[in-house]
Amino acid sequence: MYKILLVEDDKNIIEMICDYFADKSQNTILIDVASDGESGVEMAYESTYDLLLLDVMLPLMDGFEICREVRRFSDVPIMFITARSDQSDILNGYALGCDDYIVKPFSLPVFYNKVNALIKRSKGLVHSPLLTVGDLSLNPNNGIVTSNGKEINLPAKEFIILKTLLENKNCVVLRDTLVMRVWGYDGCSNERLLDTHIKNLRKALGENGGLIKTVIRRGYRIGEIV
(Lines give C-alpha, C1' and ligand atoms only; values in the text may rest on other atoms or scores of the structure.)
Protein backbone atom coordinates (compact mmCIF):
# COMPACT_ATOMS: atom_id res chain seq x y z
CA MET A 1 0.00 0.00 0.00
CA TYR A 2 1.21 3.51 -0.87
CA LYS A 3 0.51 6.52 1.33
CA ILE A 4 0.01 10.00 -0.14
CA LEU A 5 -0.36 13.39 1.52
CA LEU A 6 -2.65 15.77 -0.38
CA VAL A 7 -2.36 19.41 0.73
CA GLU A 8 -5.34 21.16 -0.81
CA ASP A 9 -7.98 23.61 0.43
CA ASP A 10 -10.60 23.09 -2.30
CA LYS A 11 -13.13 20.60 -0.94
CA ASN A 12 -14.40 19.69 -4.41
CA ILE A 13 -10.91 18.81 -5.64
CA ILE A 14 -10.21 16.83 -2.45
CA GLU A 15 -13.38 14.79 -2.85
CA MET A 16 -12.80 14.25 -6.57
CA ILE A 17 -9.22 12.98 -6.09
CA CYS A 18 -9.94 10.83 -3.04
CA ASP A 19 -12.99 9.16 -4.57
CA TYR A 20 -11.24 8.44 -7.87
CA PHE A 21 -8.11 7.05 -6.24
CA ALA A 22 -10.09 4.87 -3.82
CA ASP A 23 -12.05 3.36 -6.71
CA LYS A 24 -9.17 3.07 -9.19
CA SER A 25 -6.54 1.74 -6.78
CA GLN A 26 -8.89 -0.64 -4.98
CA ASN A 27 -7.68 0.92 -1.72
CA THR A 28 -3.99 0.21 -2.41
CA ILE A 29 -3.39 3.98 -2.20
CA LEU A 30 -4.24 5.76 1.04
CA ILE A 31 -4.63 9.55 0.94
CA ASP A 32 -4.24 11.82 3.97
CA VAL A 33 -5.48 15.39 3.55
CA ALA A 34 -4.27 18.69 4.97
CA SER A 35 -6.28 21.83 4.18
CA ASP A 36 -3.57 24.39 4.91
CA GLY A 37 0.18 24.68 4.51
CA GLU A 38 1.19 24.57 8.15
CA SER A 39 -0.79 21.37 8.76
CA GLY A 40 0.77 19.90 5.63
CA VAL A 41 4.33 20.48 6.84
CA GLU A 42 3.48 19.10 10.27
CA MET A 43 1.94 15.93 8.79
CA ALA A 44 4.88 15.47 6.41
CA TYR A 45 7.26 15.74 9.35
CA GLU A 46 5.35 13.35 11.61
CA SER A 47 4.48 10.61 9.08
CA THR A 48 6.20 8.79 6.24
CA TYR A 49 4.65 9.28 2.81
CA ASP A 50 5.38 7.90 -0.64
CA LEU A 51 4.31 11.14 -2.35
CA LEU A 52 3.24 14.69 -1.51
CA LEU A 53 0.65 16.43 -3.69
CA LEU A 54 0.85 20.18 -3.07
CA ASP A 55 -1.51 22.86 -4.29
CA VAL A 56 0.38 26.11 -4.87
CA MET A 57 -2.15 28.54 -3.40
CA LEU A 58 -2.89 27.56 0.21
CA PRO A 59 -3.79 29.28 3.49
CA LEU A 60 -1.06 30.01 6.07
CA MET A 61 1.80 28.64 3.94
CA ASP A 62 1.84 28.17 0.16
CA GLY A 63 3.00 25.09 -1.71
CA PHE A 64 6.42 26.56 -2.47
CA GLU A 65 7.08 27.16 1.21
CA ILE A 66 5.96 23.62 2.03
CA CYS A 67 8.31 22.18 -0.58
CA ARG A 68 11.20 24.27 0.75
CA GLU A 69 10.58 23.14 4.32
CA VAL A 70 10.06 19.46 3.44
CA ARG A 71 13.29 19.38 1.43
CA ARG A 72 15.15 20.25 4.64
CA PHE A 73 14.39 16.80 6.06
CA SER A 74 13.03 14.56 3.31
CA ASP A 75 13.55 13.53 -0.32
CA VAL A 76 9.96 12.29 -0.66
CA PRO A 77 8.64 12.80 -4.22
CA ILE A 78 6.65 16.01 -4.57
CA MET A 79 4.11 16.90 -7.26
CA PHE A 80 2.64 20.38 -7.56
CA ILE A 81 -0.95 21.07 -8.54
CA THR A 82 -0.84 24.46 -10.24
CA ALA A 83 -2.83 26.88 -12.37
CA ARG A 84 -2.43 26.48 -16.15
CA SER A 85 -2.01 30.22 -16.68
CA ASP A 86 1.01 30.60 -14.40
CA GLN A 87 4.17 29.15 -15.95
CA SER A 88 6.23 30.57 -13.09
CA ASP A 89 4.61 28.03 -10.75
CA ILE A 90 6.14 25.21 -12.74
CA LEU A 91 9.58 26.80 -12.96
CA ASN A 92 9.65 27.72 -9.29
CA GLY A 93 8.55 24.22 -8.35
CA TYR A 94 11.45 22.58 -10.18
CA ALA A 95 13.91 25.05 -8.69
CA LEU A 96 12.73 24.18 -5.18
CA GLY A 97 13.06 20.43 -5.77
CA CYS A 98 9.68 19.17 -6.96
CA ASP A 99 9.60 16.07 -9.15
CA ASP A 100 6.54 16.71 -11.31
CA TYR A 101 3.51 18.91 -11.71
CA ILE A 102 0.00 18.88 -13.10
CA VAL A 103 -2.03 21.88 -14.19
CA LYS A 104 -5.66 22.70 -13.52
CA PRO A 105 -8.06 21.67 -14.89
CA PHE A 106 -6.65 18.16 -15.20
CA SER A 107 -7.84 14.75 -16.34
CA LEU A 108 -8.20 12.34 -13.42
CA PRO A 109 -6.87 9.34 -15.44
CA VAL A 110 -3.80 11.35 -16.49
CA PHE A 111 -3.30 12.56 -12.92
CA TYR A 112 -3.64 9.02 -11.55
CA ASN A 113 -1.09 7.67 -14.05
CA LYS A 114 1.35 10.49 -13.26
CA VAL A 115 1.09 9.73 -9.55
CA ASN A 116 1.69 6.02 -10.06
CA ALA A 117 4.61 6.59 -12.41
CA LEU A 118 6.27 8.98 -9.96
CA ILE A 119 5.86 6.62 -7.01
CA LYS A 120 7.19 3.65 -8.98
CA ARG A 121 10.15 5.66 -10.23
CA SER A 122 11.00 6.76 -6.68
CA LYS A 123 10.84 3.16 -5.46
CA GLY A 124 13.24 2.03 -8.17
CA LEU A 125 10.51 0.10 -9.96
CA VAL A 126 11.11 2.18 -13.09
CA HIS A 127 14.63 2.96 -14.27
CA SER A 128 15.19 6.67 -14.77
CA PRO A 129 18.84 7.30 -15.67
CA LEU A 130 20.75 10.48 -15.06
CA LEU A 131 21.03 12.90 -17.94
CA THR A 132 24.77 13.19 -18.46
CA VAL A 133 27.45 14.51 -20.76
CA GLY A 134 31.09 14.44 -19.75
CA ASP A 135 31.40 15.33 -16.06
CA LEU A 136 28.03 17.11 -16.08
CA SER A 137 24.87 15.40 -14.85
CA LEU A 138 21.26 16.28 -14.11
CA ASN A 139 18.98 14.03 -12.08
CA PRO A 140 15.44 14.40 -13.50
CA ASN A 141 13.93 12.90 -10.34
CA ASN A 142 15.30 15.26 -7.70
CA GLY A 143 16.53 18.16 -9.84
CA ILE A 144 20.15 17.91 -8.66
CA VAL A 145 22.78 19.18 -11.12
CA THR A 146 26.44 18.31 -10.65
CA SER A 147 29.43 19.64 -12.56
CA ASN A 148 32.79 17.95 -11.98
CA GLY A 149 31.35 16.34 -8.86
CA LYS A 150 30.15 19.65 -7.39
CA GLU A 151 26.44 20.31 -6.90
CA ILE A 152 25.25 23.38 -8.80
CA ASN A 153 22.20 25.41 -7.80
CA LEU A 154 20.61 26.79 -10.95
CA PRO A 155 17.80 29.33 -11.31
CA ALA A 156 14.58 27.78 -12.61
CA LYS A 157 14.85 28.95 -16.22
CA GLU A 158 18.46 27.83 -16.57
CA PHE A 159 17.56 24.44 -15.09
CA ILE A 160 14.86 23.98 -17.75
CA ILE A 161 17.28 25.03 -20.51
CA LEU A 162 19.93 22.57 -19.34
CA LYS A 163 17.42 19.75 -18.94
CA THR A 164 16.09 20.34 -22.47
CA LEU A 165 19.58 20.35 -23.95
CA LEU A 166 20.56 17.16 -22.11
CA GLU A 167 17.37 15.41 -23.20
CA ASN A 168 18.50 16.12 -26.77
CA LYS A 169 22.23 15.49 -26.29
CA ASN A 170 24.33 15.95 -29.43
CA CYS A 171 21.32 17.34 -31.30
CA VAL A 172 20.57 20.96 -32.12
CA VAL A 173 17.74 22.38 -30.03
CA LEU A 174 16.13 25.27 -31.89
CA ARG A 175 15.91 28.65 -30.23
CA ASP A 176 12.12 28.65 -30.63
CA THR A 177 11.93 25.28 -28.89
CA LEU A 178 13.90 26.54 -25.90
CA VAL A 179 11.82 29.70 -25.68
CA MET A 180 8.62 27.64 -25.70
CA ARG A 181 9.93 25.28 -23.01
CA VAL A 182 11.02 28.10 -20.71
CA TRP A 183 8.47 30.85 -21.28
CA GLY A 184 5.59 28.93 -22.85
CA TYR A 185 5.20 31.19 -25.89
CA ASP A 186 7.18 32.71 -28.76
CA GLY A 187 8.68 36.16 -28.58
CA CYS A 188 11.70 38.04 -29.90
CA SER A 189 12.35 39.61 -26.51
CA ASN A 190 12.48 36.17 -24.94
CA GLU A 191 14.99 35.05 -27.58
CA ARG A 192 17.29 37.81 -26.38
CA LEU A 193 16.69 36.74 -22.78
CA LEU A 194 17.52 33.19 -23.82
CA ASP A 195 21.01 34.27 -24.88
CA THR A 196 21.51 35.88 -21.47
CA HIS A 197 20.40 32.74 -19.64
CA ILE A 198 22.70 30.58 -21.79
CA LYS A 199 25.60 32.88 -20.90
CA ASN A 200 24.76 32.63 -17.19
CA LEU A 201 24.34 28.86 -17.44
CA ARG A 202 27.75 28.42 -19.04
CA LYS A 203 29.30 30.51 -16.27
CA ALA A 204 27.54 28.48 -13.55
CA LEU A 205 28.82 25.20 -15.02
CA GLY A 206 32.44 26.36 -14.97
CA GLU A 207 34.70 24.27 -17.20
CA ASN A 208 31.67 22.30 -18.37
CA GLY A 209 30.07 25.46 -19.73
CA GLY A 210 32.02 24.73 -22.91
CA LEU A 211 29.81 21.68 -23.47
CA ILE A 212 27.05 24.04 -24.62
CA LYS A 213 27.66 24.94 -28.26
CA THR A 214 26.06 27.79 -30.19
CA VAL A 215 24.72 26.75 -33.59
CA ILE A 216 24.55 30.06 -35.45
CA ARG A 217 21.07 31.16 -36.57
CA ARG A 218 19.57 27.89 -35.30
CA GLY A 219 19.98 27.25 -31.58
CA TYR A 220 22.18 25.35 -29.15
CA ARG A 221 23.61 21.88 -28.75
CA ILE A 222 25.21 20.11 -25.79
CA GLY A 223 27.93 17.53 -26.35
CA GLU A 224 31.44 16.46 -25.48
CA ILE A 225 34.23 19.04 -25.74
CA VAL A 226 36.56 18.09 -28.58
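These legends describe close-up views of a predicted model.

**View 1. Ser 147 sits in a strand and is buried.**
The strand is β8, which covers residues 145-147. Ser 147 has a relative accessibility of 5%. Buried means under 20%, so Ser 147 counts as buried. Its side chain makes a link to the backbone: it reaches the backbone oxygen of Leu 205 at 2.9 Å. Leaving aside residues up to four places away in sequence, Ser 147 touches Asp 135, Leu 136, Ile 152, Leu 205 and Asn 208. Leu 205 therefore appears both in the list of touching residues and as the partner of the Ser 147 side chain.

**View 2. Helix α2 has a buried face.**
Helix α2 runs over residues 37-46. Gly 37, Gly 40, Val 41 and Ala 44 are buried here. Why do these buried residues line one face of the helix? Seen down the axis of α2, they fall within an arc of 95 degrees, so they line one face. What do they pack against? Their partners are three strands and a helix: β1 (2-7), β2 (29-34), β3 (51-55) and α3 (63-70). Look also at the N-terminal end of α2, which Asp 36 caps. A side-chain oxygen of Asp 36 lies 3.1 Å from the backbone nitrogen of Glu 38.

**View 3. Asp 32 lies in strand β2.**
Strand β2 is one of the elements packed against the buried residues of α2. Asp 32 touches Lys 3, Ile 4, Leu 5, Leu 6, Met 43 and Tyr 49, not counting residues up to four places away in sequence. Now pick out Glu 191 as well. Asp 32 and Glu 191 are 159 residues apart along the chain. Their C-alpha atoms are separated by 44 Å.

**View 4. Helix α7 also has buried residues along one face.**
Helix α7 covers residues 175-183. Its buried residues are Arg 175, Leu 178, Val 179, Val 182 and Trp 183. Seen down the helix axis, they fall within an arc of 100 degrees, so they line one face of α7.

**View 5. The largest pocket is lined by 23 residues.**
The volume of this pocket is about 450 Å³. Which residues lie nearest its centre? They are Arg 71, Gly 97, Asn 142, Gly 143 and Ile 144. Three elements each give two or more residues to the lining: α4 (87-96), α5 (108-122) and β9 (150-152). By class, the lining has 11 nonpolar, 7 polar and 5 charged residues.

**View 6. A cis peptide bond joins Lys 104 and Pro 105.**
Omega is about -5 degrees at this bond. Most peptide bonds are trans. Pro 105 has its place in the loop between β5 (100-104) and α5.

**View 7. Asn 170 and Arg 217 have positive phi values.**
Most residues other than glycine have a negative phi. Asn 170 is not a glycine, yet its phi is about 70 degrees. Where is Asn 170? It lies in the loop between α6 (156-167) and β10 (173-174). Its relative accessible area is 49%, and Asn 170 is partly exposed. Arg 217 has a phi near 65 degrees. This residue lies in the loop between β11 (212-215) and β12 (219-222). Is Arg 217 buried or exposed? With a relative accessible area of 79%, Arg 217 is exposed.

Key:
Residues are numbered from 1 along each chain as its sequence is written. This is a predicted model: local features need pLDDT of at least 70, side-chain atom pairs count only at pLDDT 80 or more; totals for chains, interfaces and linings use all residues. Side-chain values use heavy atoms; hydrogens and water are left out. Helices (H or I, at least four residues) and strands (E, at least two) are DSSP runs, numbered from the N terminus. Buried means under 20% relative accessible area, exposed over 50%, partly exposed in between (1.4 Å probe, protein chains only). A polar contact is a pair of N or O atoms within 3.5 Å; within protein, one must be able to donate a hydrogen and the other to accept it, and residues adjacent in sequence count only if both atoms are side-chain atoms. Contact means heavy atoms within 4.5 Å. The arc is that of the directions from the helix axis to the C-beta atoms. On a 1 Å grid over the protein atoms alone, a cavity is a set of points where a 1.4 Å probe fits but cannot get out, and a pocket is an open set with protein on both sides within 12 Å along at least five of seven lines; lining residues have an atom within 4 Å of a point. Grid points are joined across faces, edges and corners, and a volume is the space filled by probe spheres set on the points. Ala, Val, Leu, Ile, Met, Phe, Trp, Tyr, Cys and Pro count as nonpolar, Asp, Glu, Lys and Arg as charged, and the others, Gly among them, as polar.
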